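Me: I'd like to go through how the parts of this model pack together. Could you take my questions one by one?

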Amino acid sequence: MKKFILDLVVVENEFINGSHFILKMTHNKPLPLMQPGQFVEIQIPHSTTSFLRRPISIHYVDTSKNQVWFLLQIKGEGTQLLSQSKVGDILNCILPLGNGFSVPAQFKRFSPLLVGGGVGTAPLLFLGAELKKIGIQPVFLLGARDQDSVLQLNRFNKLGTTYVTTEDGSFGEKGYVINHSVLIDSTFDMIYTCGPKAMMVAVASYAKKNRINCEVSLENHMACGVGACLCCVEPTKEGNLCVCKEGPVFNIEKLSWQI
Amino acid sequence: MANLEINIGELKLKNPVMTASGTFGYGLEFSDFVNLERIGGIIVKGTTIHKREGNDYPRMAETPSGMLNAVGLQNKGVIHFVNEIYPTIKDINTNMIVNVSGSTIPEYIQTAEIINELTKIPAIELNISCPNVKHGGMAFGVLPEMAYSVVHEVRKVYKKTLIVKLSPNVTDIASIARSVQDAGADSISLINTLLGMAIDAESRKPLLSTVTGGLSGAAVKPIALRMVWQVAQAVDIPVIGLGGIMNWRDAVEFILAGASAIQVGTANFIDPAITGKIVDGLDDYLDRHNFTSIHDIIGLLNCD
């Protein structure tokens, strides 16, 4: 897919709790085609120390409004500066980057589970929406620290059944996603997951034991975003591969994870 | 429109803007963003005789106005380059130059011999300055005698333009540069990255798997500029300047300091289209100051 460097305009900066916000962006021309699981590299404006672009996954694409959404967590100076974005601000973005989740072209029955943890739920909204468009019913399983940290529950609920775990038990089932009762005797034939590495390893391990096809979206630290610098590598059965170019979505069969 | 053409040995550049090894892949990664044929030369990823997996992740840490990397020359080896990469890049209408690295002198020689046979590769850049490998690499670039040996041996087998890339992690850059010139290099490029490190205070751990890595980006520019200026005065062969060049103005500064050409590295990560903008900026600078050729400003720094 052709990649573009575009000045996107902030349409809305929606805070969903104290540390998470959604940037809704548009462009004066139609946005390029994007796939769930792909990401953009956003340049941090007016920063003296945030030197590299920030790789941010595509949270949602609203083609009717020509909008792309990014779900971000304030972690360091870069995301702090992005959180201060105002309507009308311009952010220079490179997009779309990487390879998205694979969706079957033909299916008789396809029952996917989309498992997200924390801000890693970001690409799953877009993925769920795209699956639904082609007649696939997504089921979501979202993990968070506590009730306040459950991200975008209403929007996920609109797309499909959404199960939740919280570490403190303040909402949904208590524990981690991997402990959720929906995973007992499940009939899913695909798991897509994105979130903290430990969570994805646990989910991948579950999928492997239960012989369920599984794709994970990795977020290794990146510099270039286009496969040139070889910084964001992940060990795979084919050697070290760039997450930015060969990923960020990988089938677990390809990775060298001990699962 | 000033004349931007410049020769480095027998290498003819349509303009002095090149891309630094390891920051521009094989060029193709950037073809959506910049017309590759507008770039004077593209120096592709460091290539070694055997396949290398590089260092463990994490290999990169952002630092103020710069970044540390510890990639460790990950590449699939020179045979893979010849069979799989070369056919895809050989017809790009610019100078495709291969950065050659090794752990031993025979490895440098073997790789250079193989690249010598590729008709569409007009030059190599001998990397005697990689700080991220355990054996060889920078070890060849920090002692004048070692630098002389490796360049001298490669010179015997490599018939086209031989550029040697120097490490800044030395006490006397001019003496290394003179050794490399004496050994038969056609040109010197500098600087490679500066050895540095970064620590996560919270976890009390280093941010790189290798603990130390190479610093690049805007943060290193003053050091690079100083070393290019020193080397340009110490040798007669053309110098290619790099280190923290982020825009055309930085490029002009390196040329004023004595560089005949420049390389753009880390800036490609911030703006993948920057090389084209630097070509335009140089042209505009020459016009504004009524210079007709890039030659007019090489080493034009006025220290009086």
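Me: How many residues of domain 3 of chain A are in contact with domain 2 of chain A?
Reply: Happy to help, and bear in mind that this is a predicted model. The domain assignment of chain A places domain 2 at 112–216 and domain 3 at 218–259, and their centres, taken over C-alpha atoms, are separated by 22 Å. On the domain 2 side of chain A, eight residues take part, and the number they touch in domain 3 of chain A is seven.

Me: Which element gives the largest share of the side of domain 2 of chain A that touches domain 3 of chain A?
Reply: Two elements of chain A each supply at least two residues there: strand 13 (213–217) and helix 4 (197–209). By class, that side of domain 2 of chain A has five nonpolar, one polar and two charged residues. The largest share is five residues, and it comes from helix 4 of chain A.

Me: Moving on to the two chains, which elements of chain A give two or more residues to the side that touches chain B?
Reply: The contact joins 22 residues of chain A to 28 residues of chain B. The side of chain A that touches chain B holds 12 nonpolar, six polar and four charged residues. The elements that give two or more residues to it are strand 14 (233–236) and strand 15 (239–242) of chain A.

Me: Is helix 3 of chain B roughly parallel or roughly antiparallel to helix 4 of chain B?
Reply: Their axes, for residues 144–157 and 173–182 of chain B, come within 8 Å and cross at roughly 25 degrees. Angles under 35 degrees count as roughly parallel. Helix 3 and helix 4 of chain B are therefore roughly parallel.

Me: Which residues of helix 3 of chain B meet helix 4 of chain B?
Reply: Helix 3 of chain B passes helix 4 of chain B in a right-handed crossing. From helix 4 of chain B come Ser175(B), Ile176(B), Ser179(B), Val180(B) and Asp182(B). The contact residues divide into six nonpolar, two polar and one charged. Those from helix 3 of chain B are Pro144(B), Ala147(B), Tyr148(B) and Val151(B).

Me: And what is the angle at which helix 6 of chain B packs against helix 8 of chain B?
Reply: Helix 6 covers residues 248–256 of chain B and helix 8 covers residues 274–288 of chain B, with their axes 8 Å apart. The angle makes helix 6 of chain B oblique to helix 8 of chain B. Its value is about 60 degrees.

Note on methods:
Residues numbered from 1 in each chain as written. Chains lettered and ligands numbered in written order. Predicted model: local features only at pLDDT ≥ 70, side-chain atom pairs only at ≥ 80, totals over all residues. Axes fitted to C-alpha atoms, helices over the stretch in contact; angles between N-to-C directions. Helix = DSSP H or I, 4+ residues; strand = E, 2+ residues; numbered from the N terminus. Parallel < 35°, antiparallel > 145°, perpendicular 65-115°, else oblique. Contact = placed C-beta atoms within 7 Å. Nonpolar A, V, L, I, M, F, W, Y, C, P; charged D, E, K, R; others polar. Left-handed = near helix turned anticlockwise from the far one by under 90°. Domains from an automatic or database assignment.
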